[in-house]
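Here's a quick tour for anyone opening this one up for the first time. Have a look at the view below, then work through the notes by topic.

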Amino acid sequence: MILENFAKLCAEFPEKPIVARTPVIPGFNDTLEELQTITDFINQAGQHAQNLKYELLPFHNFGSSKYEFQGKPYTFAGYKNMDKSFLENLRKQLKSEIPILEIR
């Protein structure tokens with residue numbers, strides 16, 4: 001449903017500025033292959049969007065205290081914040097027709 005809604009958004013509002021964002025999670029979608037698949041979808045779905053950009057968001061564990069406060073286990077306990085240079089290297093390798101923003 002999310003993918004369909006994104007495609008509809010791009011098709012129905014091609015002139016609007018849109019930024020697609022992907023949180024990059026260690027062990028889940030932190031490989032070039034995974035990110036290229038996502039990038040390919042965004043390129044295809046946004047082919048008529050005139051002001052579409054893509055942003056990769058590096059994993060961080062800033063929300064861990066919220067889980068602790070709620071007494072819930074934090075699945076990513078022990079994971080370090082993602083090194084931005086690692087993600088920037090992946091970003092540079094992605095093949096994309098739309099701009100992929102530099103890692104902040």
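Starting from the N terminus, the elements of the protein chain run α-β-α-β-α-α. That comes to four helices and two strands. Keep in mind that this is a predicted model.

**Overall build**

- The C-alpha trace of the protein chain spans about 45 × 30 × 20 Å along its principal axes.
- The protein chain has 104 residues, and buried ones make up 32% of them.
- About 7,300 Å² of the protein chain is exposed, with carbon and sulfur atoms supplying 55% of that area.
- Take the contacts between residues at least 6 apart in sequence: 67% of them join residues at least 24 apart.

**The nonpolar core**

- In soluble globular proteins, nonpolar side chains tend to be buried together.
- Here, the largest nonpolar core has 21 residues.
- Which residues have the most contacts inside this core? They are Phe 6, Leu 35, Ile 42, Leu 52, Tyr 54, Leu 56 and Leu 87.
- As for where the core comes from, the elements giving two or more residues to it are α1 (2-12), β1, α2 (32-45), β2 and α4.

**A closer look at α2**

- Helix α2 has 14 residues and reaches 20 Å from its first C-alpha to its last, close to the 20 Å expected at 1.5 Å a residue.
- Its buried residues are Leu 35, Gln 36, Thr 39, Ile 42, Asn 43 and Ala 45.
- What do the buried residues of α2 pack against? The answer is α1, β1, β2 and α4.
- Leu 35 is a good one to click on: leaving aside residues up to four places away in sequence, Leu 35 touches Thr 22, Val 24, Asn 29, Leu 56, Leu 87, Leu 90 and Leu 94.

**Salt bridges around Glu 55**

- Side chains of opposite charge can pair when their charged atoms come close.
- How many salt bridges does the structure hold? There are three.
- One of them joins the side chains of Glu 55 and Arg 21, at 2.7 Å from N to O. This pair links distant parts of the chain, with Glu 55 in strand β2 (residues 52-58) and Arg 21 in strand β1 (residues 18-24), 34 residues apart.
- Glu 55 also forms a salt bridge with Arg 104, where the closest N and O atoms are 2.8 Å apart. Arg 104 lies in the segment after α4 (84-93) while Glu 55 is in strand β2, so this pair ties together parts that are 49 residues apart in sequence.
- Put those pairs together and you get a network of salt bridges linking Arg 21, Glu 55 and Arg 104.
- Are the members of the network buried or exposed? Glu 55 is buried because its relative accessible area is 3%, under the 20% cut-off. Arg 21 is partly exposed, with a relative accessible area of 49%, and Arg 104 is exposed at 64%.

**The salt bridge inside α4**

- Arg 91 and Glu 88 form a salt bridge too, with their closest N and O atoms 2.5 Å apart.
- Both residues belong to helix α4 and sit three residues apart, so about one helical turn separates Arg 91 from Glu 88.
- Arg 91 and Glu 88 are both buried.

Conventions:
Residues numbered from 1 in each chain as written. Predicted model: local features only at pLDDT ≥ 70, side-chain atom pairs only at ≥ 80, totals over all residues. Heavy atoms only, no water. Salt bridge = Lys/Arg side-chain N within 4 Å of Asp/Glu carboxyl O. Buried < 20%, exposed > 50% of the residue type's maximum accessible area, 1.4 Å probe, protein only. Core = buried A, V, L, I, M, F, W, Y, C linked by side-chain atoms within 4.5 Å. Contact = heavy atoms within 4.5 Å. Expected span 1.5 Å × (residues − 1). Areas by Shrake-Rupley, 256 points an atom, 1.4 Å probe, with all protein chains shown as cover.
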